[in-house]
Amino acid sequence: VASITSVSGSGSSTGTGVILSQDGYIVTNAHVVENALYVTVKLTDDREFDATLVGSDEVSDLAVLHIEAEDLIPAAFGDSDILRVGDSVVAIGDPLGIELRGTMTNGIISGINRDIKSGNRTLTLMQTTAALNTGNSGGPLFNMKGEVVGITTAKYSGSTGSGASIEGIGFAIPINDVTSILKDLRENGAV
């Protein structure tokens with residue numbers, strides 16, 4: 001798990017990433033690095049690297065970064081197609097920024113194949129009760145074997161028109177959907 005800081009002309013934002021390969025490829029959300037002038041990656045051992053944007057896809061909300069490192073431990077990917085409602089999961093990320101980096105929250109898969117509208121696109125996502133906050137975007141959703149089964153991307157927040165507060169409704173991109181997109185982003189810079 002890596003901490004991502006993205007600086008644009010309008011300020012900076014933080015997110016989380018998942019290490020894909022020993023030689024420095026990392027996946028995060030496209031919205032984390034959108035319009036970035038530069039991006040930095042901080043690893044759990046406190047090493048910090050400037051990152052290159054290899055490719056980004058707004059439709060899937062995925063981006064691949066690269067850092068000049070050769071000794072990384074890549075995440076193991078699981079099979080999101082075998083997940084069922086009620087399966088336990090944990091999210092690890094940087095809620096609200098780097099100060100709380102590496103925070104783990106637990107929950108369950110509370111929905112499969114949810115069509116969620118985001119701007120002018122619709123994503124088919126998994127729903128989870130694991131607490132997700134600003135800064136968790138792009139981070140891993142793990143099964144109980146320690147395998148990444150999703151990339152966290154969104155949450156419902158705020159309150160409903162009736163004044164009821166919304167909590168515990170987060171969403172992740174199923175990892176089986178992610179893997180084919182990552183191949184295109186790494187090889188072509190686009191899907």
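Student: How do the residues that line the second largest pocket divide into nonpolar, polar and charged?

Tutor: This is a predicted model, and in it the second largest pocket holds about 240 Å³ of space. Of the 15 residues that line this pocket, Val1, Ile19, Thr44, Leu72 and Ile73 are the closest to its centre. Sorted by class, the lining of the second largest pocket comes to ten nonpolar, two polar and three charged residues.

Student: Which element gives the most to the lining of the largest pocket?

Tutor: The largest pocket has a volume of about 350 Å³, and of the 23 residues in its lining, His31, Ser137, Thr153, Ala154 and Lys155 lie nearest the centre. Two or more residues of that lining come from each of strand 2 (11-19), helix 1 (30-33), strand 8, strand 9 and strand 11. The element that gives the most to the lining, with four residues, is strand 11.

Student: How many residues of each class, nonpolar, polar and charged, are in the lining of the largest pocket?

Tutor: Empty space of this kind is revealed by rolling a probe the size of a water molecule over the atoms. For the largest pocket, the lining can then be sorted by class, which gives eight nonpolar, eleven polar and four charged residues.

Student: Why can the chain be called as compact as a globular protein of its length?

Tutor: The chain has two helices and twelve strands, and its elements follow one another from the N terminus as β-β-β-α-β-β-β-β-β-β-β-β-β-α. For 191 residues the globule rule gives 16 Å, and the chain is as compact as a globular protein of that length because its radius of gyration is close to that value, at 15 Å.

Student: In what order do the strands of the barrel that includes strand 1 run, and which residue of strand 6 is the bridge partner of Val27?

Tutor: In general, the strands of a sheet pair through backbone hydrogen bonds, either parallel or antiparallel. Here six strands form a closed barrel in the order 1-2-3-6-5-4, with antiparallel pairing, and the twist from one strand to the next averages 40°. Within this barrel, strand 3 (residues 25-28) and strand 6 (residues 62-66) pair over four bridges, and the partner of Val27 in strand 6 is Val64.

Student: What angle does the direction of helix 2 make with that of strand 6?

Tutor: Helix 2 packs on the sheet that contains strand 6, where it touches strand 3, strand 5 and strand 6. The angle between the direction of helix 2 and that of strand 6 is about 50°.

Student: Which residue of strand 9 is the bridge partner of Gly111?

Tutor: Six strands close into a barrel in the order 7-8-9-12-11-10, and their pairing is antiparallel. Strand 8 (residues 103-118) and strand 9 (residues 121-128) are joined by seven bridges. The residue of strand 9 that is the bridge partner of Gly111 is Gln127.

Student: Where does Asp46 lie, and what is its phi?

Tutor: Most residues other than glycine have a negative phi. Asp46, found in the loop between strand 4 (38-42) and strand 5 (48-57), has a positive phi, with a value near 75°.

Student: What is the phi of Asn113?

Tutor: Asn113 lies in strand 8, and its phi is a positive value in a residue other than glycine. The phi of Asn113 is near 55°.

Technical notes. Residues numbered from 1 in each chain as written. Predicted model: local features only at pLDDT ≥ 70, side-chain atom pairs only at ≥ 80, totals over all residues. Heavy atoms only, no water. Pairing = 2+ DSSP bridges. 1 Å grid on protein atoms, 1.4 Å probe; cavity = no way out; pocket = protein on both sides within 12 Å on 5 of 7 lines; lining within 4 Å. Points joined across faces, edges and corners; volume = space filled by probe spheres on them. Nonpolar A, V, L, I, M, F, W, Y, C, P; charged D, E, K, R; others polar. Rg over C-alpha atoms; globule rule 2.2 N^0.38 Å. Axes fitted to C-alpha atoms, helices over the stretch in contact; angles between N-to-C directions. Contact = heavy atoms within 4.5 Å.
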